[in-house]
Amino acid sequence: MTIENVTVNVTSPGRNFVTLKIVTSDGIVGWGDATLNGRELSVASYLDDHLASILIGRDEDRIEDTWQYLYRSPYWRRGPVTMAAIAAVDMALWDIKAKKAGVPLYQLLGGASRDGIRAYCHASGGDYAALKDAITGYVESGFTAVRVQTGVPGLGQIYGVATNKPGAKYDYEPAKRAADGTAATAPTEEVWDTNAYLAHMPGVFESIRADFGTDLRILHDGHHRMSPIEAARFAKDVEPYRLFWLEDCTPGEDQTALRLVRQHSTTPLAIGEVFNTVFDYQTLITERLIDYVRSAVTHTGGITAMKKLLDFAAIYGIKSGIHGPTDISPVGMAAALHLDLAIHNFGIQEYMPHSETTLDVFQTSFTFERGFLHPGDTPGLGVELDEEAASAFEYTKAYLPANRLTDGTVHDW
Ligand code: KDG
Ligand code: MG
């Protein structure tokens, strides 16, 4: 059998998603997630204008060969647009292969290595009282792990802190449309002060430990905002509060920055949501500079590439922490869950539930119960896009915010 039809769906049920549909000559449909937050149309064009015609007539079972062909043949390699496009093709082909076999995808990846997938959610609050309410809500609903982000006195809206009600279910959505919900014309801007942040955060973790005890897994995301020495100080200062991980403490492109952080603390480190290939991790993994791999299946070349990356990490005792914010579509989330269930070196899975509007368009079979996810046992990935429902939601341009220091200098967001 061969690939007969390839189409790209761009829809915006609450937020933008790009989904690839591959149909085989015997009518099997596979879905892949190609969503790249704030740059969706570039990936849609890469798929539509450059990959779709190449795929027609290929044997859908030759997943590895197709991956290598798409990665090596264009000469221009890597980068988020290319790797999200390849990821979407790869996911769709695995979806088809598992549907043909009549099994959930995790069975083809070696079968289940655990019964459930420990998930962490996002708890945030403008101040400690609001943050505590949010954490309490999540702990009561069964979560055993929470990522905590909070406002910093003197700063306005900052990364990771929801603008909606504290503890609300759909806590945080970073990509912003215009205030009236129509297409944005430019990113909003936020203001940042690393000194104020470094002074404020240790006390927040101290209060969380005092209020919630030692069992709760506490995660925190620095969103690439610290210099190596600032990150080293942060990691050392928060050591007594035993974070599950400190994520993205330094800018992503600088792998050796984490050497300095490692020299100064035993706070576990996670990085990788902006990475696209195993090569972004080469130094980090071989020098054991991180504890968790944060890549998204959607942005790292799909299931084929992510499985190799995680197997490589396993050799060095490094675990998975797959990226799972709302800008990963339900298709990308399902791909992560099948991997999470199958691999041995699973660490934790990020889980920001999608809105009801999104879930009306993507029919999912994964489940969440008392802090644990499961991909379900539907053959394939277990997610189908309802194209008719999707057609009601037109793409609406939204940007991730920009960020400046208090003196106006552009800083990492
Ligand atoms: O699109 C950007 C988001 O995916 C990112 O800001 C979310 O940092 C993030 C996280 O850890 O989920
Ligand atoms: Mg992050």
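Q: How far is an oxygen atom of ligand 1 from an N or O atom in the side chain of Arg147?
A: This is a predicted model, and polar contacts in it are N or O pairs within 3.5 Å. The Arg147 side chain offers such an atom to an oxygen of ligand 1, at a distance of 3.3 Å.

Q: Which side chain has an N or O atom 2.4 Å from an oxygen atom of ligand 1?
A: Glu247 has a side-chain N or O atom 3.1 Å from a ligand 1 oxygen. The 2.4 Å value belongs to Glu350.

Q: What share of the 330 Å² that ligand 1 exposes when taken alone does the protein bury?
A: Ligand 1 sits in the largest pocket, with 15 residues around it. Of its 330 Å², the protein buries 94%.

Q: How many residues of the shell around ligand 1 are charged?
A: Among the closest residues are Asn37, Tyr159 and His223. The shell also splits by type, with four nonpolar and four polar members. The charged ones number seven.

Q: Which spacing do the donors of the magnesium ion (ligand 2) follow along the chain?
A: The protein donors are Asp221 (OD), Glu247 (OE) and Glu273 (OE), 2.0 to 2.1 Å from the ion. Asp221 lies in strand E7 and Glu247 in strand E8, 26 residues apart. Along the chain, the donors follow D-x25-E-x25-E.

Methods: Residues are numbered from 1 along each chain as its sequence is written. Chains are lettered from A and ligands numbered from 1 in the order in which they are written. This is a predicted model: local features need pLDDT of at least 70, side-chain atom pairs count only at pLDDT 80 or more; totals for chains, interfaces and linings use all residues. Side-chain values use heavy atoms; hydrogens and water are left out. A residue is near a molecule or strand if one of its heavy atoms lies within 4 Å of it. A polar contact is a pair of N or O atoms within 3.5 Å; within protein, one must be able to donate a hydrogen and the other to accept it, and residues adjacent in sequence count only if both atoms are side-chain atoms. Accessible areas come from the Shrake-Rupley method with a 1.4 Å probe; for residues, only the protein chains shown count as cover. On a 1 Å grid over the protein atoms alone, a cavity is a set of points where a 1.4 Å probe fits but cannot get out, and a pocket is an open set with protein on both sides within 12 Å along at least five of seven lines; lining residues have an atom within 4 Å of a point. A molecule sits in a cavity or pocket if more than half of its atoms lie within 2 Å of its grid points. Ala, Val, Leu, Ile, Met, Phe, Trp, Tyr, Cys and Pro count as nonpolar, Asp, Glu, Lys and Arg as charged, and the others, Gly among them, as polar. Donors are N, O and S atoms within 2.8 Å of the metal (3.2 Å for Na, K and Ca); water is not among the atoms, so sites may look incomplete. Helices (H or I, at least four residues) and strands (E, at least two) are DSSP runs, numbered from the N terminus.
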